[in-house]
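Please open the model in your viewer and keep the sequence panel beside it. The tour below moves from one selection to the next and says what is there at each stop.

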Amino acid sequence: MSLKDLIPAPDRIEELDLDHLRELLGEADDALARLEAKTRLYESELQRELRAKVDLCGGISACPNPEAAFTLSGSALLSARREAAHKFNQVFFMAPLCRQAQKSTP
């Protein structure tokens, strides 16, 4: 149900029950608060992951300093996390190859 469905059409305005509308808006507000809390939880986890990857692999253009990871949110956070994950995968893909090359060099 969308919020627009809570209010009847202008030709049926006499059907508007303000008590019921208040109850439904309260439920919608509670649902929004739960979603916001869940979003904050996910963002804080993504910020920690981004910071760890920047600590391990060095800065990226979206987040040159690990401390800056905690200032990002929304799409900027997702973009930075994607970039850091790509860099992380490159570094840790190359690390075993580099170690193997060092062992085989006389």
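Select Ala85 to begin, in this predicted model, and you will find that this residue has its place in helix H2. Ala85 is buried, with a relative accessible area of 18%, and the cut-off for that word is under 20%. Now add Val54 to the selection and draw a distance between the two C-alpha atoms: Ala85 and Val54 lie 31 residues apart in sequence, yet 9.2 Å apart in space.

Before going further, colour the whole protein by secondary structure, where you should see 2 helices and 0 strands. Of its 106 residues, 19% count as buried. Among the contacts with a separation of 6 or more, 43% are between residues 24 or more positions apart.

**Along helix H1**

Select residues 18-57, which are helix H1. This helix has 40 residues and reaches 57 Å from its first C-alpha to its last, close to the 58 Å expected at 1.5 Å a residue. At its start, zoom in on Asp17, where a side-chain oxygen comes to within 3.2 Å of the backbone nitrogen of Asp19. At the other end, just after H1, Gly58 takes a positive phi of about 95°. Between these two places, the buried residues of H1 are Leu21, Leu24, Leu46, Gln47, Leu50, Lys53, Val54 and Cys57.

**The nonpolar core**

Which residues make up the largest nonpolar core? Select Leu46, Leu50, Val54, Ile60, Cys63, Ala69, Leu72, Leu77, Ala80 and Ala84, and you have the 10 residues that form it. Helices H1 and H2 each supply at least two residues of this core.

Within that selection, centre the view on Leu77, and show what surrounds it beyond four places in sequence: Leu77 touches Glu43, Leu46, Gln47, Leu50, Ala69 and Leu72. Gln47, one of those partners, is in helix H1 and counts as buried at 11% relative accessibility. Leaving aside neighbours within four places in sequence, Gln47 is itself in contact with Ala69, Phe70, Leu72 and Leu77.

Next select Leu78, which has its place in helix H2 and counts as partly exposed at 41% relative accessibility. A line drawn from the C-alpha of Leu78 to that of Leu50 has a length of 9.2 Å, although the two are 28 residues apart along the chain.

**Lys53 and its surroundings**

Return to helix H1 and select Lys53, which is found there. Is this lysine buried or exposed? Lys53 is buried, since its relative accessible area is 16%, which falls under the 20% cut-off. Show its side chain, and you can follow a polar contact of 2.9 Å to the side chain of Glu49. Beyond its neighbours within four places in sequence, Lys53 is in contact with Gly58, Ala84, Ala85 and Phe88, so that the tour comes back here to Ala85, the residue where it began. Phe88 deserves a further look from this position, as the charged end of Lys53 sits over the ring of Phe88, 5.3 Å from its centre.

**The aromatic pair**

Keep Phe88 selected and add Phe92. The structure holds 1 aromatic pair, and Phe88 and Phe92 form it, with the rings tilted at 40° between their planes and 4.7 Å from centre to centre. Why are these two rings about one helical turn apart? Phe88 and Phe92 are separated in this way because they are 4 residues apart in helix H2, which runs over residues 74-104. An α-helix has 3.6 residues a turn, so residues three or four places apart point the same way. Both rings belong to residues that are partly exposed, Phe88 at 23% relative accessibility and Phe92 with a relative accessible area of 39%.

**Last stop: Cys57**

Finally, select Cys57, which is found in helix H1 and counts as buried at 13% relative accessibility. Not counting residues up to four places away in sequence, Cys57 touches Lys87, Phe88, Val91 and Phe92, a list that includes both members of the aromatic pair. With Lys87 added to the selection, the C-alpha atoms of Cys57 and Lys87 can be joined by a line of 7.0 Å, while 30 residues set them apart in sequence.

How values were computed. Residues are numbered from 1 along each chain as its sequence is written. This is a predicted model: local features need pLDDT of at least 70, side-chain atom pairs count only at pLDDT 80 or more; totals for chains, interfaces and linings use all residues. Side-chain values use heavy atoms; hydrogens and water are left out. Rings of Phe, Tyr and Trp (its six-membered ring) pair if their centres lie within 6.5 Å; planes under 30 degrees apart count as stacked, over 60 as edge-to-face and the rest as tilted. Buried means under 20% relative accessible area, exposed over 50%, partly exposed in between (1.4 Å probe, protein chains only). A charge sits over a ring if NZ of Lys or CZ of Arg is within 6 Å of the ring centre and within 35 degrees of the ring normal. A nonpolar core is a set of buried Ala, Val, Leu, Ile, Met, Phe, Trp, Tyr and Cys residues joined through side-chain atoms within 4.5 Å. Contact means heavy atoms within 4.5 Å. The expected span of a helix is 1.5 Å times one less than its number of residues. A polar contact is a pair of N or O atoms within 3.5 Å; within protein, one must be able to donate a hydrogen and the other to accept it, and residues adjacent in sequence count only if both atoms are side-chain atoms.
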